[in-house]
Amino acid sequence: MKSSIAVIVLTLLSAVGVKSNSSKPKTKSLGIASWYGKERQGRKMANGQPFDFHKLTAASWYFPLGTTIRVQNVKNGESIIVTITDRGPNRRLHRLLDLS
């Protein structure tokens with residue numbers, strides 16, 4: 001099952017191993033994210049690890065693998081922090097992220 005929500009994405013770290021002296025986001029993007037889960041459980045992700053739908057991860061073409069981002073739902077203001085571990089969604093669908 002997939003569902004889509006409008007989100008604001010705040011990039012917290014540019015990539016794994018990059019240290020930042022500032023807690024301020026480096027970029028801010030507004031777009032659509034979709035959710036995916038069980039159907040991909042155990043499949044290999046772009047980072048080489050098996051997908052675990054219980055973890056807070058995301059797939060994106062727009063951020064480097066290993067990037068930590070805050071994703072905020074624009075309708076209710078709730079946010080989570082996820083790590084980019086895979087590539088997707090399909091670029092033709094004009095979404096920023098697939099969230100798990």
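**Exercise 1. Describe the lining of the largest pocket by residue class, and then say which residues lie nearest its centre.**

Solution. By class, the lining of the largest pocket has 8 charged residues, together with 5 nonpolar and 2 polar ones. The structure is a predicted model, and the totals for linings use all residues. The next step is to go from classes to names: 15 residues line this pocket, and those nearest its centre are Tyr 36, Arg 40, Asp 86, Arg 87 and Asp 98. The volume of the largest pocket, finally, is about 190 Å³.

**Exercise 2. How many helices and strands does the protein have, and what pattern do they follow along the sequence?**

Solution. Counting the elements gives 0 helices and 6 strands, and reading along the sequence then gives the pattern β-β-β-β-β-β. A further step concerns the contacts between residues at least 6 apart in sequence, of which 65% join residues at least 24 apart. As for the surface, the accessible area of the protein comes to about 6,300 Å², and carbon and sulfur atoms account for 54% of it. Of the 100 residues in the protein, 36% are buried.

**Exercise 3. Locate Ser 60, decide whether it is buried or exposed, and list what it touches.**

Solution. Start with the position along the chain: Ser 60 sits in the loop between β3, which covers residues 57-59, and β4, which covers residues 68-73. Next comes the accessibility: Ser 60 has a relative accessible area of 0%, and because buried means under 20%, this residue counts as buried. The side chain of Ser 60 reaches the backbone nitrogen of Tyr 62 at 3.0 Å. Leaving aside residues up to four places away in sequence, Ser 60 touches Ile 84, Asp 86, Arg 87, Gly 88, Leu 96 and Leu 97. Two of these names, Asp 86 and Arg 87, also appear among the residues nearest the centre of the largest pocket.

**Exercise 4. Where do Gln 41 and Ala 46 lie, and which residues does each of them touch?**

Solution. Gln 41 belongs to the loop between β2, residues 27-35, and β3, and Ala 46 is likewise found in the loop between β2 and β3. For the accessibility, the range to keep in mind is that partly exposed lies between 20% and 50%. Gln 41, with a relative accessible area of 38%, is therefore partly exposed, and Ala 46, at 41%, is partly exposed too.

Now take the contacts, again not counting residues up to four places away in sequence. Gln 41 touches Phe 51, Asp 52 and Phe 53, and the side chain of Gln 41 reaches the backbone nitrogen of Phe 53 at 2.9 Å. Ala 46, for its part, touches Leu 65, Thr 85, Asp 86 and Arg 87.

The last step is to set separation in sequence beside separation in space. Gln 41 and His 54 are 13 residues apart along the chain, with 9.2 Å between their C-alpha atoms, while Ala 46 and Gly 88 are 42 residues apart in sequence, with 9.6 Å between their C-alpha atoms.

**Exercise 5. Place Ser 34 and Leu 99 in their strands, and decide for each whether it is buried or exposed.**

Solution. Ser 34 has its place in strand β2, whereas Leu 99 is found in strand β6, which covers residues 97-99. The relative accessibility of Ser 34 is 2%, so this residue counts as buried, and Leu 99, at 9%, counts as buried as well.

Turning to the neighbours, the side chain of Ser 34 makes a polar contact of 3.0 Å with the side chain of Arg 95. Ser 34 is also one of the residues touched by Leu 99, and the others are Ala 33, Trp 35, Tyr 36, Thr 57, Ala 58, Val 71 and Val 82, not counting residues up to four places away in sequence. Leu 99 and Pro 89, finally, lie 10 residues apart in sequence and 9.5 Å apart in space, taken from C-alpha to C-alpha.

Definitions and conventions
Residues numbered from 1 in each chain as written. Predicted model: local features only at pLDDT ≥ 70, side-chain atom pairs only at ≥ 80, totals over all residues. Heavy atoms only, no water. Helix = DSSP H or I, 4+ residues; strand = E, 2+ residues; numbered from the N terminus. Buried < 20%, exposed > 50% of the residue type's maximum accessible area, 1.4 Å probe, protein only. Polar contact = N/O pair within 3.5 Å; in protein donor to acceptor, adjacent residues only side chain to side chain. Contact = heavy atoms within 4.5 Å. Areas by Shrake-Rupley, 256 points an atom, 1.4 Å probe, with all protein chains shown as cover. 1 Å grid on protein atoms, 1.4 Å probe; cavity = no way out; pocket = protein on both sides within 12 Å on 5 of 7 lines; lining within 4 Å. Points joined across faces, edges and corners; volume = space filled by probe spheres on them. Nonpolar A, V, L, I, M, F, W, Y, C, P; charged D, E, K, R; others polar.
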